[in-house]
Amino acid sequence: MVAHATIHHKLDLAIRLVNTVTGRVVEERNVKFTTPFTGVKAIPKQGGMYLFLNLESEEFEMDIHVYGYESGKIQIRLSE
């Protein structure tokens with residue numbers, strides 16, 4: 001008998017960081033996303049993309065800190 005497991009993930013949010021002065025994608029990997037959820041980590045992808053899986057709420061604030069850039073706070077509404 002072969003043992004198996006099923007793992008389910010739900011992609012909730014994809015963010016692309018763009019430099020508002022140059023219009024270029026921010027490729028910096030030293031990015032910190034702060035959410036009200038514990039254990040939520042961004043999955044970095046190519047082209048300045050960051051993916052978030054299995055978020056606990058559809059509305060929340062997220063702080064974004066990137067070394068060398070001004071920090072920002074955004075309001076997330078997944079239902080829109």
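**View 1. The hairpin of β5 and β6, with five residues between the strands, holds G68 at a positive phi near 90°.** This close-up, like the ones that follow, comes from a predicted model. The two strands, β5 (59-66) and β6 (72-77), pair in the antiparallel sense over six bridges. To find your way along the ladder, look for I64, whose bridge partner in β6 is G72.

**View 2. Along β5, the side chains alternate between two faces.** F60, M62, I64 and V66 point to one face and are buried. E59, E61, D63 and H65 point to the other face and are not buried. This is a nice case to set beside the general rule: in a regular strand the side chains alternate between the two faces of the sheet. β5 also pairs with β2 (31-34), in the antiparallel sense and over four bridges. Here V31 stands opposite V66 in β5.

**View 3. The largest nonpolar core brings together 16 residues.** The members that touch the most others are L13, L17, F33, F52 and M62, so these are good places to start looking. β1, β2, β4 and β5 each supply at least two residues of this core, and the largest share, four residues, comes from β5.

**View 4. F52 and its contacts fill this close-up.** Leaving aside residues up to four places away in sequence, F52 touches K10, L11, D12, L13 and I15, together with F33, V40, K41, A42 and M62. Of these partners, L13, F33 and M62 appear again with F52 in the list of core residues that touch the most other members.

**View 5. Three strands form an open sheet in the order β1-β4-β3, with antiparallel pairing.** At the edges lie β1 (11-16) and β3 (43-44), each pairing on one side only. β3 is joined to β4 (residues 49-53) by two bridges. A handy landmark is P44, which stands opposite Y50 in β4.

**View 6. The largest pocket has a volume of about 290 Å³.** Of its 14 lining residues, L17, V18, V66, Y69 and E70 are the closest to the centre. β5 and β6 are the elements that give two or more residues to the lining, and β6 provides the largest share, three residues. If you are thinking about the chemistry of the wall, the lining divides into eight nonpolar, four polar and two charged residues. Two familiar names return here: L17 from the core and V66 from the buried face of β5.

Notes
Residues are numbered from 1 along each chain as its sequence is written. This is a predicted model: local features need pLDDT of at least 70, side-chain atom pairs count only at pLDDT 80 or more; totals for chains, interfaces and linings use all residues. Side-chain values use heavy atoms; hydrogens and water are left out. Two strands pair if DSSP finds at least two bridges between them. A nonpolar core is a set of buried Ala, Val, Leu, Ile, Met, Phe, Trp, Tyr and Cys residues joined through side-chain atoms within 4.5 Å. Buried means under 20% relative accessible area, exposed over 50%, partly exposed in between (1.4 Å probe, protein chains only). Contact means heavy atoms within 4.5 Å. On a 1 Å grid over the protein atoms alone, a cavity is a set of points where a 1.4 Å probe fits but cannot get out, and a pocket is an open set with protein on both sides within 12 Å along at least five of seven lines; lining residues have an atom within 4 Å of a point. Grid points are joined across faces, edges and corners, and a volume is the space filled by probe spheres set on the points. Ala, Val, Leu, Ile, Met, Phe, Trp, Tyr, Cys and Pro count as nonpolar, Asp, Glu, Lys and Arg as charged, and the others, Gly among them, as polar.
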